[in-house]
Amino acid sequence: MTAVPAPTVAVLGLGAMGLPMAARLAETLPVRGFDIAGARLALAEKEGVIPTASAQDAATGAQVVLVAVRDSAQLSDLLFGAAGIADVLSAGAVVVLTSTVGTDGVTEVASVLAERGIGLVDAPLSGGPVRAREGDLLIVVGAAPADLEIARPVLDALASTLTVVGERAGDGQALKTVNQLLCGVHIAAAAEALALADRLGLDLERTLEALQAGAAASFMLGNRGPRMLQAWDDEGAEVLSRLDIFVKDMGIVGAAARRAGLPAPLAAAAEQSYLVAQTQGLGEIDDSAVIRISAPTRRS
């Protein structure tokens, strides 16, 4: 059997997730990177990533282009804007969309790329920067089988759990939207529960331990709970997941529910908590700070 050559990879966007993913991939694959922030490019170069002067330079000749953008508008601009990369990609290349941007517009982007012979692998991910660097991400994928095959070496290097949910671009975004509904509600509920425990005079460390041992346990309570206790401190919790990400993601959830004609009152209530937090200047800090909406300070 002839060995499949390792694809040349471009990583566009070397932020909190893009940089550790690029570093992980550079351990086994040739990787070029680009980011508008020179400091991020310098960090990527130290990790074995080849820095480039533009997104087009990074994408030229790449078989797989991994994209980490904030929203669908940034995705369209990166692909089709004045300095877009679609014009330099060869037929047979694939774009791997790792961001959560929602289903709106993804199908159209995939269709335009397909006219050029370029595939779109819809692969939103979860796990955070540390797990990205370790190749321990959860990735859900919607993609045509042929496109997925080209992207496999990249996805396999990044994911400990890779779930193919459908053969259409947009299927991955749909499942991630459902995932974010649960995550956003769970974080907000955990914040309210711990705020109530504080006002009832309970020892919060013991409360967390007891809750995680019983039926009320959840991943988000166990993961965010200790950080919520830190969120009351002057220095706050380490920023592992910015609060304004959930402002964006719960907005995507709400829009999807409205298009489906589905009431989602719990998601709407959670979205308001994140929006209030953002208006109070908490958007750029860890999302555990949402506890400060219910209880601005710790009493016990």
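**Notebook: surface patch, salt bridges and the Asp286 site**

I began at Val165 and located this residue in strand S9, which covers residues 159-166. Strands here are DSSP runs of E of at least two residues, helices are runs of H or I of at least four residues, and both are numbered from the N terminus. The model is a predicted one, in which local features need pLDDT of at least 70 and side-chain atom pairs count only at pLDDT 80 or more, while totals for chains, interfaces and linings use all residues. Residues are numbered from 1 along each chain as its sequence is written, and side-chain values use heavy atoms, with hydrogens and water left out.

**Entry 1: nonpolar patch**

I looked up how exposed Val165 is and found a relative accessibility of 32%, so this residue counts as partly exposed. The classes are buried for under 20% relative accessible area, exposed for over 50% and partly exposed in between, with a 1.4 Å probe and protein chains only. Val165 joins Leu175, Val178 and Leu182 in a nonpolar surface patch of about 300 Å². The areas come from the Shrake-Rupley method with a 1.4 Å probe, and for residues only the protein chains shown count as cover. Patch members have over 30% relative accessible area and no salt bridge; nonpolar side chains (Val, Leu, Ile, Met, Phe, Trp, Tyr) are joined within 5 Å, like charges within 9 Å. I then asked which element gives the most to the nonpolar patch. Helix H8, residues 171-199, does so with three residues.

**Entry 2: salt bridges**

How many salt bridges does the structure hold? I noted 13, a salt bridge being a side-chain nitrogen of Lys or Arg within 4 Å of a carboxyl oxygen of Asp or Glu. One of them joins Asp198 and Arg199, whose closest N and O atoms are 2.4 Å apart. Asp198 has a relative accessible area of 2% and is therefore buried, whereas Arg199, at 30%, is partly exposed.

I next examined Glu205 and Arg298, whose side chains meet in a salt bridge at 3.5 Å, N to O. Glu205 belongs to helix H9 (residues 204-212) and Arg298 to the segment after H13, so this pair ties together parts that are 93 residues apart in sequence. Both ends are partly exposed: Glu205 has a relative accessible area of 44%, and Arg298 one of 31%.

I also recorded a network of salt bridges that links Arg24, Glu27, Glu47 and Arg133.

**Entry 3: Asp286 and Arg227**

Is Asp286 buried or exposed? With a relative accessible area of 3%, Asp286 is buried. I placed this residue in the loop between helix H12 (265-279) and helix H13 (291-294). Asp286 forms a salt bridge with Arg227, with 2.7 Å between the closest N and O atoms. Arg227 lies in helix H10 (residues 219-231) and Asp286 in the loop between H12 and H13, so the bridge ties together parts that are 59 residues apart in sequence. Arg227 is also buried, at a relative accessible area of 9%.

A second partner of Asp286 is Ser288: their side chains make a polar contact of 2.7 Å. A polar contact is a pair of N or O atoms within 3.5 Å; within protein, one must be able to donate a hydrogen and the other to accept it, and residues adjacent in sequence count only if both atoms are side-chain atoms.

I then listed contacts (heavy atoms within 4.5 Å), setting aside residues up to four places away in sequence. Asp286 touches, among others, Arg227, Ala237, Glu238 and Val239. The contacts of Arg227 include Ala237, Glu238, Asp287 and Ser288.

**Entry 4: Leu240**

Leu240 sits in the loop between H10 and H11 and, at a relative accessible area of 37%, is partly exposed. Apart from neighbours within four places in sequence, Leu240 is in contact with Pro129, Arg227 and Asp286. I also looked up Pro20, 220 residues from Leu240 along the chain: their C-alpha atoms are separated by 13 Å.

**Entry 5: aromatic rings**

I searched for pairs among rings of Phe, Tyr and Trp (its six-membered ring), with centres within 6.5 Å; planes under 30 degrees apart count as stacked, over 60 as edge-to-face and the rest as tilted. The count came to one aromatic pair. Phe246 and Tyr274 form this stacked pair, at 5.5 Å centre to centre and 25° between the planes. The pair links distant parts of the chain, 28 residues apart, with Phe246 in helix H11 (residues 243-259) and Tyr274 in helix H12. Phe246 is buried at 3% relative accessible area, and Tyr274 is buried at 0%.
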